[in-house]
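Please open the model in your viewer and keep the sequence panel beside it. The tour below tells you what to select at each stop and what you will find there.

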Amino acid sequence: MSKELSLIAAKAFPALSGSSLTYNPEKNVYLTLGYTSAAGNTYFKAVRFSNRLAVYYHIGQGYLHTFLNGITLFAWNGQKAEIIAQKFWGGSNWRCFNEYTAKEESVRMLKDYLAGQAKALGTTVAESQLLEFSRGMIEETHQKLLR
């Protein structure tokens, strides 16, 4: 990752600037320091980002499963990161973590956000185009940003 992108990420995404953050190069993901609940589950965030988007997976590690509690999408507005979409699961509605399904859910969330933006602008964009564009943006967060 370039030095410039690291500085932008630290300012835009505070979770990326603390000493409690580790980077897993094999999965190309940042992991926040977890905390353990009274029930013995550990909770943390897995963060991926590109120069336009950040995807936070809210993850829990139980004794039997790793589960996905939620997803938050951030976009850079030129000055700061803004939440553009959020979805949470919990209670009896929890989901086992699966990289593919988490990625696909992120794509759908971004597509829905973009569809809403198009509607607000009075523009119609084909769903297939929104889906393709969203998939590309989420895919960018999975690619290593080395120079």
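In sorting residues, Ala, Val, Leu, Ile, Met, Phe, Trp, Tyr, Cys and Pro count as nonpolar, Asp, Glu, Lys and Arg as charged, and the others, Gly among them, as polar. This is a predicted model, in which local features need pLDDT of at least 70 and side-chain atom pairs count only at pLDDT 80 or more, while totals for chains, interfaces and linings use all residues. Residues are numbered from 1 along each chain as its sequence is written, and side-chain values use heavy atoms, leaving out hydrogens and water.

Begin by selecting Asn98 and Tyr100, where, at the start of helix H2, a side-chain oxygen of Asn98 comes within 2.9 Å of the backbone nitrogen of Tyr100. Then extend the selection to the whole of H2, residues 99-120 (helices are DSSP runs of H or I with at least four residues, and strands are runs of E with at least two, numbered from the N terminus). Just beyond, H2 is followed by Gly122, whose phi is positive, near 75°.

Next, select Ile83, which sits in strand E7, residues 81-88. Ile83 is partly exposed, with a relative accessible area of 49%, since buried means under 20%, exposed over 50% and partly exposed in between, with a 1.4 Å probe and protein chains only. Add Leu73, which is 10 residues from Ile83 in sequence but 5.8 Å away in space, C-alpha to C-alpha.

Finally, select the lining of the largest pocket, whose residues include Lys27, Phe44 and Glu99; this lining divides into 7 nonpolar, 1 polar and 3 charged residues. Strand E4 gives the largest share of the lining, 3 residues.

Conventions
1 Å grid on protein atoms, 1.4 Å probe; cavity = no way out; pocket = protein on both sides within 12 Å on 5 of 7 lines; lining within 4 Å. Polar contact = N/O pair within 3.5 Å; in protein donor to acceptor, adjacent residues only side chain to side chain.
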